[in-house]
Amino acid sequence: MTFLRLDNIKKSYGDASVIKGVSFTATKGEFVVFVGPSGCGKSTLLRMIAGLEDVSEGQLYIDGKDVTYEEPAKREVSMVFQSYALYPHMNVFENMAFGLRMAKRPEAEIKAQVMEAARILQLEALLERKPRALSGGQRQRVAIGRSIVRHPKLFLFDEPLSNLDAELRSQMRVEIAKLHRSLGATMVYVTHDQVEAMTLADRIVVLRAGLVEQIGSPTELYDKPANTFVAGFIGSPKMNFINARVASAMGSSLLLEHPSFAGGKLDADTAAASRAKVGDTVIVGMRPEHLTVGTAQPVLSLTLDFAESLGGSTQLYARSEGEPVIVLASGRPELKPGDTLNLGIDPRHIYLFNAAGLAL
Amino acid sequence: MSEAMRTAPTKPNRGYGRWTPLWFLAPAVLTLFLIGIYPTLFALVTSFRRYNITRPREGFPFVGFENYIGVLTDSTFWSSLFLTAKFYVTVLPIQVVLGLIIALLLHKPGMGFLKSLARVTLVVPLATTYAVVGLIGRLIFNRDFGVANQFLGFAGFGPVDWLSTPGGAFAAIVIMDVWQWTPFCALLFLAGLSMVPGEIEEAARLETSSKLALLRHVQLPYLLPGLTAIMILRSADVLKLFDMVFVMTRGGPGSATDLISIYIQRVGFRIFDLGTASAQAILLLIITIIISRLYIRLLYREV
């Protein structure tokens, strides 16, 4: 059942077009994450759903109702801002009660709702405090509490964790995931952090320069990226790309040439082989975590530049012709800079893209 | 210097000595002393003396609190003070409300150039000398060729003799004061409104569609410091308001616009009873300080 629908939404400021036509739908209870680099328009899109920015073109529906030109307060959405945006002169209780008071709910109900939210978020002891007397994590909780007391149709989060330190961030991430599960509410979450996107989302919308690059579940995006942008954006460290040349294409066998390949050649087994022509460029993608060091049948043969030990694993920086290749090796392999790295990979984990960057 | 360096090599040459800050402060302190502190102290001393400079042969003996008792039992002093208070409570609400409306209009997004122009225009009345405001007022409210009566004529009313009727004269000085000071309120409120973080305003817009609720619950706390400043500055200013009224009405007709500072001026520089005038001025200073402290106590809140 479609709960939130964006229908060819566009946004421009004068001549500058920021969102160039975004369409997607979300079902009730779904956790959707907008992800993309800075300036891709993900926050603008979220603010348009909230009603804080005007929609230049297109239609927006929440719960079957056209709200494209509806006032923010009448859309029944709530938003958690990056800066938390708590009312500085009100204490925690008043901050959470404000929306209900504005909706003229009876005081007893307001108290019950706020206390319930405070219990869920463990804010009971802080209700009398002013925001300035709270830590970043506590403020974040109050901001979330303020949005849950109103039982909105839609929860919006605008990079809510980016002002927190790393430890608190992963803790809050888990809490948001739990909250989503217990409330069963529809949530739209904006982040530039692909780890947050991967861990929280039911579905991820990858945006670049105002356009949707791909929509899919986290595993879909990881396993079947539509193009090199998505492939490089999802996963950390970033996927390695090698620009190879097609030497021959016969049946489902695609023979690729590049000096980095062991023996200068790589035989990729793909159904798309028939569409490739000899001499074409094919971009070969390999994730750092899929490459294995010291294998009997090496696929890549490279020179090690340097190694970074992370304790449990080691990041190896190797050099292919021009392009650096990163390998995430488990343990601490005994290697020195200058050593030759023979790297193996499961053929299923080789990604192929055409010269334009689209998946083959 | 080089000798000192050689004998005490561990001490770095900071380029300034113990007394250097003093020399930087001295001009400001000296100026303040000459134009502020000394006259105030002089007035304080004078207020305890019989000091009528038209009768120097009687000398200027100390008379204790005689001047203060005289002032406090002078019904004209009290009626002038009352008139000043009436003037203040008339102009202040008008200025605050009009200023707030202007600030809210200028705070709305859009029309950037016109808004900058409006902001610059707001400074013009503030930059105008009080005496000039009075002169302009005299022209505007002239019975025969003033623009005020011209407009009343357009609306179908007969000419009003503004400056020679008690009500008209009071209204005229109120209007000129509102003209001069509303922009100041608008600018302070505008500064307050722009202090409200954008995301907080947006958070409130998601919770209520009422502009009034937004103003009352979210923006008002940011306006209170400005409002306190306005009330303090305006009460001090109204208590010393002299030039504009003096030029327009000289306190008349009768005592219709005889504000406290005009009365003190008459006592001090027409009757030349400087002792009494000083006592009046000191009392005024005390009133100003008390009122300011009250405002800060009652209104001012850290956001």
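Start with chain A of this predicted model. Among its contacts between residues at least 6 apart in sequence, 64% join residues at least 24 apart.

Keep chain A selected and show the cartoon. Chain A has eight helices and 20 strands. Its C-alpha trace spans about 75 × 45 × 35 Å along the principal axes. Now colour by burial: 39% of the 360 residues in chain A are buried.

Next, go to the interface. Select the residues of chain B that touch chain A. There are 15 of them, in contact with 18 residues of chain A. Two elements of chain B each give two or more residues to this side: α9 (198-207) and α10 (211-239). Of the elements, α9(B) gives the most, with seven residues. Colour this side of chain B by class. Eight residues are nonpolar, three are polar and four are charged.

Now select residues 81-295 of chain B. UniProt, in an unreviewed entry, places "domain: ABC transmembrane type-1" here. The span is 79% helix and 0% strand. Mark its two end C-alpha atoms; they lie 19 Å apart.

Finish with helix α12 of chain B, residues 260-269. How many of its ten residues are buried? Seven are, so the helix is largely enclosed by the rest of the structure. Show the buried ones as sticks: Ile260(B), Ser261(B), Ile262(B), Tyr263(B), Ile264(B), Val267(B) and Gly268(B).

Then bring up what lies over them. The cover on the buried residues of α12(B) includes α4 (75-107), α10, α11 (243-248) and α13 (274-299) of chain B. One of these is already familiar: α10 of chain B also gives residues to the side that touches chain A.

Note on methods:
Residues are numbered from 1 along each chain as its sequence is written. Chains are lettered from A and ligands numbered from 1 in the order in which they are written. This is a predicted model: local features need pLDDT of at least 70, side-chain atom pairs count only at pLDDT 80 or more; totals for chains, interfaces and linings use all residues. Two residues are in contact if their C-beta atoms, placed from the backbone, lie within 7 Å. Helices (H or I, at least four residues) and strands (E, at least two) are DSSP runs, numbered from the N terminus. Ala, Val, Leu, Ile, Met, Phe, Trp, Tyr, Cys and Pro count as nonpolar, Asp, Glu, Lys and Arg as charged, and the others, Gly among them, as polar. UniProt positions are given in the numbering used here, feature names are shortened, and annotations may be inferred rather than shown by experiment. A residue is buried if 20 or more other C-beta atoms lie within 10 Å of its own, exposed if 12 or fewer, and partly exposed in between; C-beta atoms are placed from the backbone.
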